[in-house]
Amino acid sequence: MGCKSCTTGGCGTKTATGAVGGCKNNGACGTGGCNKMNVFDWLSNMETPSTRRYDAAVEVKFKGGRKEYYRNPHQIDLTTGDYVVCEMQTGYHIGCVSLQGELVRLQMLKKNIPFSDDLKVIHRVASQKDLEKHEQAIARDLTTMYRTREVVKELKLNMKLSDVEYQSDNTKATFYYSSDERVDFRELIKILAAEFKIRVEMRQISLRQEAGRLGGIGSCGRELCCSTWLTDFKNITTSAARYQNLSLNPSKLSGQCGRLKCCLNYELETYVDALRDIPQVEKPLETQKGRASLQKTDIFRRIMWFGYSTESTWYPLPIARVMEIQELNKKGIIPESFDLLEPMAERKETAKGLSSLNSDLEKLDKKFSDRSDRKKKRKKKKPSAGGGEPTASNGRPENGKA
């Protein structure tokens with residue numbers, strides 16, 4: 001919620017000397033607790049007619065980013081950021097108005113929350129005395145959590161206590177814990193109620209919710225999605241990683257909560273749409289060189305990489321070429337290689353036909369060459385008119401004598 005929920009105590013609260021208290025970050029909490037689950041109201045500067053303004057309910061945010069909807073029966077003029085005293089099952093609690101106006105009605109419709117008398121009401125705007133009491137309650141959170149962890153260790157309970165939230169009237173505290181099995185904490189409740197003089201509520205949360213309450217920095221370098229804006233945790237399976245050709249390495253696919261990262265689902269639909277046109281390679285491709293197995297697929301470039309078991313080189317093939325080779329293998333035809341899809345037998349027949357055609361041409365050339373040689377020999381053997389020695393065409397003796 002706002003700065004009042006900071007565990008260091010009121011980031012934006014000015015002391016008597018005028019200095020800013022808490023983490024001294026001038027209203028923007030540096031510990032990550034104040035601005036958790038913030039929502040920017042785009043309609044805050046737009047004035048609506050007073051007769052049509054929706055002020056029957058408002059959204060109130062508490063520690064850890066928890067948000068609830070409350071009725072405003074007294075028609076209090078509220079704005080985002082106001083601290084209000086809210087009704088609880090026992091006593092009251094102080095929260096920060098995170099959303100008001102028409103957006104509240106739309107959010108309630110989206111989350112199927114009916115507007116009825118079952119909704120708790122807002123009593124009034126928090127006064128300075130209420131805020132001081134609220135800060136005192138916040139100051140008890142850490143000390144109570146440390147002491148409770150010691151008691152849990154003494155009782156040897158298989159549970160992990162992650163957070164404690166005191167109610168603003170100091171009459172009740174909610175203990176958030178996570179566990180893989182059912183925990184019998186009846187003895188723990190008796191000890192805590194007797195030691196802290198409060199009503200104790202034990203609330204079990206999932207590991208994802210625990211990471212959202214504690215916060216942290218993800219492997220992407222940004223603050224965790226579950227602690228900033230993500231509220232609905234959907235089921236995430238390893239098939240999401242397989243569709244995206246990610247390495248099934250648990251250390252890389254797991255978040256700080258120990259479960260699969262929520263961001264695996266962000267681009268899953270895009271990958272599923274792109275995979276519809278990519279053929280499934282259930283067995284290796286058959287070529288004359290050997291059996292080639294699929295190594296990886298570049299989904300968006302539409303290229304599939306194959307490799308032989310005897311080689312370490314991978315060969316990129318477009319999807320169209322892979323489908324052609326699959327069709328040939330189904331017909332029992334084994335291509336010579338990825339580039340030459342024509343089978344070896346057909347290539348031999350083609351080569352044989354070309355060789356026979358070339359032999360005919362050679363015979364024809366030899367025939368004409370023999371004829372020309374015969375004509376030349378006849379010219380050389382023809383005697384001269386004077387009965388002397390045969391002469392060349394220039395009139396000189398053939399032996400070169402004058």
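Here are a few friendly notes on this structure, which is a predicted model.

1. Let me start with the overall make-up. The protein chain has 402 residues, and 34% of them count as buried. Its secondary structure consists of nine helices and 12 strands.

2. On how the chain comes together, look at contacts with a separation of 6 or more: 57% of these in the protein chain join residues 24 or more positions apart. As for the outside, the accessible surface of the protein chain is about 26300 Å². Carbon and sulfur atoms hold 51% of that surface.

3. The largest pocket deserves a look while you have the model open. It encloses about 1200 Å³ of space. Several elements each give two or more residues to its lining, namely β2 (67-71), α1 (102-110) and α4 (207-214). Of these, α4 supplies the largest share, with four residues.

4. Staying with that pocket, 37 residues line it. If you want to find its centre, the lining residues nearest to that point are M37, W229, L230, T231 and D232. By chemical class, the lining of the largest pocket holds 16 nonpolar residues, nine polar ones and 12 charged ones.

5. Next, the cysteines. The disulfide count for this model is zero. C86 is a useful case to check: its nearest cysteine sulfur belongs to C96 and lies 10.0 Å away, whereas a disulfide needs the two sulfur atoms within 2.5 Å. C86 is therefore left out of any disulfide, given that cut-off.

6. Are C86 and C96 buried or exposed? C86 has a relative accessibility of 0%, so it counts as buried. C96 is at 8% and also counts as buried, because the limit for that class is under 20%.

7. My last point concerns L264, which sits in the loop between α6 (250-253) and α7 (268-275). Although L264 is in a loop, it is buried, with a relative accessible area of 5%. What does L264 touch, leaving aside residues up to four places away in sequence? Its contacts are I236, A240, Q244, L246 and L253.

8. One more distance around L264 may help when you inspect this region. T237 is 27 residues from L264 in sequence, and their C-alpha atoms are 8.9 Å apart in space. I would view T237 and L264 together, with the contact residues of L264, including I236 and L253, shown alongside.

How values were computed. Residues are numbered from 1 along each chain as its sequence is written. This is a predicted model: local features need pLDDT of at least 70, side-chain atom pairs count only at pLDDT 80 or more; totals for chains, interfaces and linings use all residues. Side-chain values use heavy atoms; hydrogens and water are left out. Buried means under 20% relative accessible area, exposed over 50%, partly exposed in between (1.4 Å probe, protein chains only). Contact means heavy atoms within 4.5 Å. Accessible areas come from the Shrake-Rupley method with a 1.4 Å probe; for residues, only the protein chains shown count as cover. On a 1 Å grid over the protein atoms alone, a cavity is a set of points where a 1.4 Å probe fits but cannot get out, and a pocket is an open set with protein on both sides within 12 Å along at least five of seven lines; lining residues have an atom within 4 Å of a point. Grid points are joined across faces, edges and corners, and a volume is the space filled by probe spheres set on the points. Ala, Val, Leu, Ile, Met, Phe, Trp, Tyr, Cys and Pro count as nonpolar, Asp, Glu, Lys and Arg as charged, and the others, Gly among them, as polar.
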